[in-house]
Amino acid sequence: MTEPARRPDPPERMCPSTSAANATVFLGMISPAGRVAYVTPQVPAEVALAVPVEAGTPVEARYRLAGPCITSSCGFWTGDHCGLGARVVESYREVADPAEPELPKCAIRRTCRWYAEQGPAACPACSHVVTDAR
Ligand code: SF4
């Protein structure tokens, strides 16, 4: 008797706006204008975390960090998708420039949670996100 073919596991999804404690990838830097300058090809989070930031400034206000999506252990998880990604795309839609250029070069698109769930609309919205905007 032959075993039924086993489906390959889906790829691990990456959270594109995670804390330093969960970070594995240095996704980008926040420009003075509040836009994300994406770092490609992929660079480990340790590279960003090794650069000192001003005292009192959280690293998540200077850099965008990505790490494994922790699904139900995250307050944004709705049960079947990332509520933050959905919210970011929805609120950006109201101010989006229809002439927004092509998708930014990004090191995690293949596994990005927001891109997988929201499609290409996630990327222009993502480029305006500061993880810790206090
Ligand atoms: S939303 Fe788009 S630009 Fe942002 S991390 Fe995901 S794939 Fe990259």
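Q: Leaving aside its neighbours within four places in sequence, with which residues is Leu49 in contact?

A: A contact list of this kind shows which parts of a chain meet in space. In this predicted model, Leu49 is in contact with Ala20, Val59 and Leu65 once neighbours within four places in sequence are set aside. Leu49 itself belongs to helix 1, which covers residues 45-49.

Q: Is Leu49 buried, partly exposed or exposed?

A: The class follows from the relative accessible area, with buried meaning under 20% and exposed over 50%. For Leu49 the relative accessible area is 37%, so the residue is partly exposed. A further reading of its place is a backbone distance: the C-alpha atoms of Leu49 and Ala23 are separated by 9.2 Å, and the two residues lie 26 residues apart along the chain.

Q: How is the protein chain built from helices and strands, and in what order do the elements run?

A: One counts the elements and then reads them from the N terminus. The protein chain has four helices and four strands, and the elements run β-β-β-α-β-α-α-α.

Q: What share of the contacts in the protein chain with a separation of 6 or more comes from residues 24 or more positions apart?

A: Sequence separation is the quantity to read here. Residues 24 or more positions apart account for 70% of those contacts. As to burial, 34% of the 134 residues of the protein chain count as buried.

Q: Which residues of helix 2 are buried, and where should one look for what covers them?

A: One lists the buried residues of the helix and then asks which elements touch them. In helix 2, residues 83-93, the buried residues are Gly83, Leu84, Gly85, Val88, Val89 and Tyr92. Their cover includes helix 3 and helix 4.

Q: Why does Asp132 count as buried?

A: The cut-off is under 20% relative accessible area. Asp132 has 12% relative accessibility and therefore counts as buried. This residue is found in the segment after helix 4. Not counting residues up to four places away in sequence, Asp132 touches Pro58, Glu60 and Ala61.

Q: How much space lies in the largest pocket, and which residues are closest to its centre?

A: A pocket is read through its volume and then its lining. About 360 Å³ of space lies in the largest pocket. The lining has 21 residues, and Cys15, Ser17, Cys74, Phe76 and Leu84 are the closest to the centre. Helix 2 and helix 3 (113-118) each supply at least two residues of this lining. By class, the lining of the largest pocket divides into 14 nonpolar, six polar and one charged.

Q: Where does the ligand sit?

A: The ligand sits in the largest cavity. The count comes to one cavity of 30 Å³ or more, and about 90 Å³ of space lies in the largest cavity. Of its 13 lining residues, Cys106, Arg109, Cys112, Cys123 and Cys126 lie nearest its centre. Helix 4 gives the most to this lining, with three residues. The lining of the largest cavity has 12 nonpolar, no polar and one charged residues.

Q: Which residues surround the ligand, and how do they divide by class?

A: Here one reads the shell around the ligand itself. The ligand is surrounded by Pro16, Leu27, Tyr38, Cys106, Ile108, Arg109, Cys112, Tyr115, Ala122, Cys123 and Cys126. These residues divide into 10 nonpolar, no polar and one charged. Helix 4, residues 122-126, gives the most to the shell, with three residues.

How values were computed. Residues are numbered from 1 along each chain as its sequence is written. This is a predicted model: local features need pLDDT of at least 70, side-chain atom pairs count only at pLDDT 80 or more; totals for chains, interfaces and linings use all residues. Side-chain values use heavy atoms; hydrogens and water are left out. A residue is near a molecule or strand if one of its heavy atoms lies within 4 Å of it. On a 1 Å grid over the protein atoms alone, a cavity is a set of points where a 1.4 Å probe fits but cannot get out, and a pocket is an open set with protein on both sides within 12 Å along at least five of seven lines; lining residues have an atom within 4 Å of a point. A molecule sits in a cavity or pocket if more than half of its atoms lie within 2 Å of its grid points. Ala, Val, Leu, Ile, Met, Phe, Trp, Tyr, Cys and Pro count as nonpolar, Asp, Glu, Lys and Arg as charged, and the others, Gly among them, as polar. Grid points are joined across faces, edges and corners, and a volume is the space filled by probe spheres set on the points. Buried means under 20% relative accessible area, exposed over 50%, partly exposed in between (1.4 Å probe, protein chains only). Contact means heavy atoms within 4.5 Å.
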